[in-house]
Amino acid sequence: MSDWRTFDTVAETYDRVRAPVHAAPARDLVELVALPRAARVLDVGTGTGVAAEAAAATVGSEGLVVGIDPSLPMLRLARPRHPRVLAAQAIDLPFRDETFDAVLANFVIAFFTKYETALFDMLRVLRPGGTLGVSWWGGGPDEFVRTWTELAETFATKELFRDSQGAIPWNERFRDRHLLEETLRDAGLREVQVYRRQYRSTMSQADYLAGRETSSEGRFLREALGEPLWERFRERAADAFRERFPDPFGDTNDVLIAVGTKG
């Protein structure tokens with residue numbers, strides 16, 4: 001039985017639709033971390049490898065970039081993009097202390113059940129003077145998310161739908177730039193800087209809705225509804241978007257990128 005909390009069953013759709021959205025913030029994350037040539041870098045929660053790929057392009061052949069993720073289907077798709085990936089959790093990282101010059105976590109930090117423990121281990125494998133860089137979404141729901149969510153809540157109760165939020169327990173915390181900065185300072189980082197960036201993308205309605213299906217809410221809803229009702233929901237969602245929005249349409253995402261140094 002698959003677990004809706006994982007990305008295993010949606011890896012291919014995620015890589016096709018969501019990975020390109022994550023790629024531009026990943027490049028900015030790598031730039032702000034200011035990786036030197038020949039650096040040793042760990043990409044935590046690499047997914048299908050977009051941040052690892054950006055880091056590898058920066059550190060060059062003299063450097064080393066390793067991506068880790070618990071999802072084997074995601075890692076299979078990451079390997080053509082960046083071959084140095086392995087299955088591992090952010091807690092109990094399989095590396096010695098002070099192994100890396102930089103640690104990246106692109107759209108990952110809010111997923112950790114205990115973010116304090118994950119940050120502790122990420123800093124453990126980071127050398128003194130090394131840099132940790134993380135990113136997370138900065139804005140609230142837009143009209144596209146609200147349309148999809150309102151329709152979803154007509155198929156499942158709000159109370160039931162809230163269960164999906166358990167897959168991203170710290171979503172709201174890390175949308176707040178002050179709490180994000182505070183969290184990294186409390187973890188022991190110094191010179192913490194938080195940047196807000198905006199990214200504009202254009203996509204078809206079909207791709208946008210496919211991307212929503214890879215979200216924690218989408219994965220949960222599919223399991224909660226069962227296939228027949230899920231297909232009815234998908235048809236209703238497509239109809240609602242055709243009625244309200246152009247095809248394709250532009251979407252803007254706010255992203256927070258935080259960078260700090262290990263003392």
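Let me start with one pair of side chains: those of Asp121 and Arg124 make a polar contact at 2.6 Å. Keep in mind that this is a predicted model.

Where does Asp121 sit? It is found in helix H4. Is Asp121 buried or exposed? Its relative accessibility is 7%, so Asp121 counts as buried, the cut-off being under 20%. Now look past its neighbours within four places in sequence. There, Asp121 is in contact with Ala90, Ile91, Asp92 and Leu93.

Step back to the whole helix. H4 runs over residues 115-124 and is mostly covered. Seven of its ten residues are buried. Both partners of our opening pair, Asp121 and Arg124, are in that buried set. So which others are there? Tyr115, Ala118, Leu119, Met122 and Leu123.

A second polar pair, elsewhere. The side chain of Ser71 makes a polar contact with the side chain of Asp8, at 2.6 Å. Ser71 lies in the loop between S2 and helix H3, which spans 72-78. Ser71 is buried too, with a relative accessible area of 4%. What does Ser71 touch, not counting residues up to four places away in sequence? Phe7 and Asp8.

On to the sheet. It is open, and it has seven strands. What is their order? S3-S2-S1-S4-S5-S7-S6, with mixed pairing. The edges are strand S3 (85-87) and strand S6 (189-203), and each pairs on one side only. Direction ignored, neighbouring strands here are turned by 20° against each other on average.

A reminder on pairing in general. Strands of a sheet pair through backbone hydrogen bonds, either parallel or antiparallel. This sheet gives us an example of each.

Parallel: strand S1, residues 40-44, pairs with S2 over five bridges. Val44 stands opposite Ile68 in S2. Strand S2 covers residues 64-69 and is mostly covered, with five of its six residues buried.

Antiparallel: strand S5, residues 126-137, pairs with S7 over seven bridges. Here Trp137 stands opposite Val255 in S7.

Now helix H11, residues 227-244. It has 18 residues. From first C-alpha to last, H11 reaches 26 Å, close to the 26 Å expected at 1.5 Å a residue. Which residues of H11 are buried? Trp230, Phe233, Ala237, Ala240 and Phe241. Why do they fall on the same side of H11? Because they cover an arc of only 95° around the axis.

Turn to the face of H11 that points away from the buried side. It carries the exposed residues Pro228, Arg232, Glu235, Arg242 and Glu243.

And what do the buried residues of H11 pack against? Three helices and a strand are on the list: H5 (143-155), H9 (205-214), H10 (216-225) and strand S7 (249-262). We met S7 a moment ago, as the antiparallel partner of S5.

Last stop, helix H5. Glu143 lies in it. Glu143 is partly exposed, with a relative accessible area of 43%. Now compare Glu143 with Gly129. They are 14 residues apart in sequence. How far apart are they in space? 42 Å, C-alpha to C-alpha.

To recap. Asp121 and Ser71 each make a side-chain polar contact, with Arg124 and with Asp8. The seven-stranded sheet is open and mixed. And the buried side of H11 packs against H5, H9, H10 and S7.

Note on methods: Residues are numbered from 1 along each chain as its sequence is written. This is a predicted model: local features need pLDDT of at least 70, side-chain atom pairs count only at pLDDT 80 or more; totals for chains, interfaces and linings use all residues. Side-chain values use heavy atoms; hydrogens and water are left out. Helices (H or I, at least four residues) and strands (E, at least two) are DSSP runs, numbered from the N terminus. The expected span of a helix is 1.5 Å times one less than its number of residues. Buried means under 20% relative accessible area, exposed over 50%, partly exposed in between (1.4 Å probe, protein chains only). The arc is that of the directions from the helix axis to the C-beta atoms. Contact means heavy atoms within 4.5 Å. Two strands pair if DSSP finds at least two bridges between them. Axes are lines fitted to C-alpha atoms, for helices over the stretch in contact, and angles run from 0 to 180 degrees between N-to-C directions. A polar contact is a pair of N or O atoms within 3.5 Å; within protein, one must be able to donate a hydrogen and the other to accept it, and residues adjacent in sequence count only if both atoms are side-chain atoms.
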